[in-house]
Protein chains: 2
Amino acid sequence: MKRNTWQREAVRGALDANDGFVSAQALHSALHATGSPIGLATVYRALADLAVKGDADSLQSPEGESLYRACSTNDHHHHLICRNCGLTVEIEADAVETWAKDVAAKNGFTAAAHVVDVFGLCAACTVTATSQAAAAAST
Amino acid sequence: MKRNTWQREAVRGALDANDGFVSAQALHSALHATGSPIGLATVYRALADLAVKGDADSLQSPEGESLYRACSTNDHHHHLICRNCGLTVEIEADAVETWAKDVAAKNGFTAAAHVVDVFGLCAACTVTATSQAAAAAST
DNA sequence: GTGTTTCTTGAGAAGTGTTCTCGATCACGT
DNA sequence: ACGTGATCGAGAACACTTCTCAAGAAACAC
């Protein structure tokens, strides 16, 4: 039996309120900032549950943290992530799906899963970064 | 100035001797097993150096460990990894490169990098897994 | 509403992987 | 051979995650 607790709702809400991927720690801080006395362990548990149920997507940041995000769809899909502001766009990648299966099969691999994520700078951050670079260059 | 020390050579050698991705910890244990009194910190430093120089490839395992592998080419490429035995096949993915750039551009993203790795079971491990499953089913 | 059951929570301890610190060591240029 | 300073190693420090367990609170039966 799964019980409904305000803690679980709070985590889900905080995740929904966020556009990009957030770390468990960040989510915990955010919840505390809003006055929730929720525990860190509980945040981890809730996130793990959401990920298992398919209500959230998780990935490993290059720094080794686990990042989570509320997903608009339960279907298999990939992400385009701004490495500066965390903005995330869900992308479909039929071509890549096919390619991955193909490559695996060609090499005798079965049960193929794949990790496909694209990191970059979103339009807004590109502008910021460019002007900052210019400022730095002129210093 | 970069010095040549036997420790660095040992790490590189151990990496070369390995077919698939290995964790820093595993590499350290392996080196100790051969009698090298090399320190763990040194292994981490050497691996980071190799990765920066492009002599080694690194990726995050699903468990959050950093895995390293000596690469036969410095060119950008991807991997097909057996999740059971660690066997790794280097794969080219021009199609994916193009797709990634394309998707990024379409969404206004710049400086796009991507993470593309395929995990599966290699032919040998598929056989083992299948027979094991059969054995389990008959129990 | 009351009582019972048992799932969930939260604080902190524990665990794991990685990085940092700092005195000792040793490779390299002269 | 010598001096310099990059590199080493052991362990401490650190960050993130998971585990432990007593206390709290949903859900259910009555």
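In this predicted model, A:Glu97 is a buried residue that takes part in no salt bridge, since the nearest side chain of opposite charge, that of A:Lys101, is 6.1 Å away, and a salt bridge would need the nitrogen and oxygen atoms to come within 4 Å. The residue belongs to helix α4 of chain A, which runs through residues 94–106, and A:Glu97 counts as buried because its relative accessible area is 18%, where the limit is under 20%. What does its side chain meet in a polar contact? The partner is A:His114, and the contact between the two side chains has a length of 3.2 Å. When neighbours within four places in sequence are left aside, A:Glu97 is in contact with A:His76, A:His78 and A:His114.

The partner, A:His114, is part of strand β6 of chain A, residues 110–121, and with a relative accessibility of 16% A:His114 is likewise counted as buried. Besides the contact with A:Glu97, the side chain of A:His114 has a polar contact of 3.3 Å with the side chain of A:His78. Not counting residues up to four places away in sequence, A:His114 touches A:His76, A:His78, A:Glu97 and A:Ala100, and also B:Asp117 and B:Val118 of chain B. The UniProt record, in an unreviewed entry, places the feature "binding site" at A:His76, A:Glu97 and A:His114. These residues span 39 residues in sequence, but no two of their C-alpha atoms are more than 10.8 Å apart, so they gather at one spot.

The UniProt record also lists, again under "binding site" in an unreviewed entry, the cysteines A:Cys82, A:Cys85, A:Cys122 and A:Cys125. They are spread over 44 residues of sequence and yet cluster in space, the largest C-alpha distance being 8.1 Å. Of these, A:Cys122 sits in the loop between β6 and α5 (123–138) of chain A, and A:Cys122 is buried at 4% relative accessibility. Residues up to four places away in sequence aside, A:Cys122 touches A:Cys82, A:Cys85 and A:Leu87 within its own chain and B:Gly108 and B:Phe109 in chain B. A:Cys125, by comparison, is placed in helix α5 of chain A, where a relative accessibility of 8% makes A:Cys125 buried as well; with the same sequence neighbours left out, A:Cys125 touches A:Cys82, A:Asn84 and A:Cys85.

Contacts with chain B have now appeared at A:His114 and at A:Cys122, which leads to the relation between the chains. How is chain B superposed on chain A? A rotation of 179°, with 0.1 Å of shift along its axis, brings chain B onto chain A with an RMSD of 0.2 Å, and that is the relation of a two-fold axis. The same surface serves both copies, in that 97% of the contact residues of chain B recur in chain A. Among the residues of chain B, B:Val116 comes closest to the rotation axis, its C-alpha atom being 2.3 Å from it.

Salt bridges, absent at A:Glu97, are found elsewhere, and a search of the whole structure finds ten of them over all chains. One of these joins the side chains of A:Arg12 and A:Asp55, with a distance of 3.0 Å from N to O. A:Arg12 lies in helix α1 (residues 6–16) and A:Asp55 in the loop between α3 (40–53) and β2 (56–60) of chain A, so the pair ties together parts that are 43 residues apart in sequence. Both are partly exposed, A:Arg12 with a relative accessible area of 30% and A:Asp55 with one of 24%.

Another salt bridge lies within helix α4, the helix that also holds A:Glu97: the side chains of A:Asp102 and A:Lys106 meet at 3.7 Å from N to O, and these residues are four places apart, about one turn of the helix. A:Asp102 is partly exposed at 42% relative accessibility, whereas A:Lys106 is exposed, with a relative accessible area of 69%. In chain B, B:Asp102 forms a salt bridge with B:Lys106, their closest N and O atoms being 3.7 Å apart, and here too both residues lie in helix α4, four residues apart.

Terms used:
Residues are numbered from 1 along each chain as its sequence is written. Chains are lettered from A and ligands numbered from 1 in the order in which they are written. This is a predicted model: local features need pLDDT of at least 70, side-chain atom pairs count only at pLDDT 80 or more; totals for chains, interfaces and linings use all residues. Side-chain values use heavy atoms; hydrogens and water are left out. Helices (H or I, at least four residues) and strands (E, at least two) are DSSP runs, numbered from the N terminus. Buried means under 20% relative accessible area, exposed over 50%, partly exposed in between (1.4 Å probe, protein chains only). Lys and Arg count as positive and Asp and Glu as negative; His and the chain ends are not counted. A polar contact is a pair of N or O atoms within 3.5 Å; within protein, one must be able to donate a hydrogen and the other to accept it, and residues adjacent in sequence count only if both atoms are side-chain atoms. Contact means heavy atoms within 4.5 Å. UniProt positions are given in the numbering used here, feature names are shortened, and annotations may be inferred rather than shown by experiment. Copies are superposed by least squares on the C-alpha atoms of residues with pLDDT of at least 70 in both.
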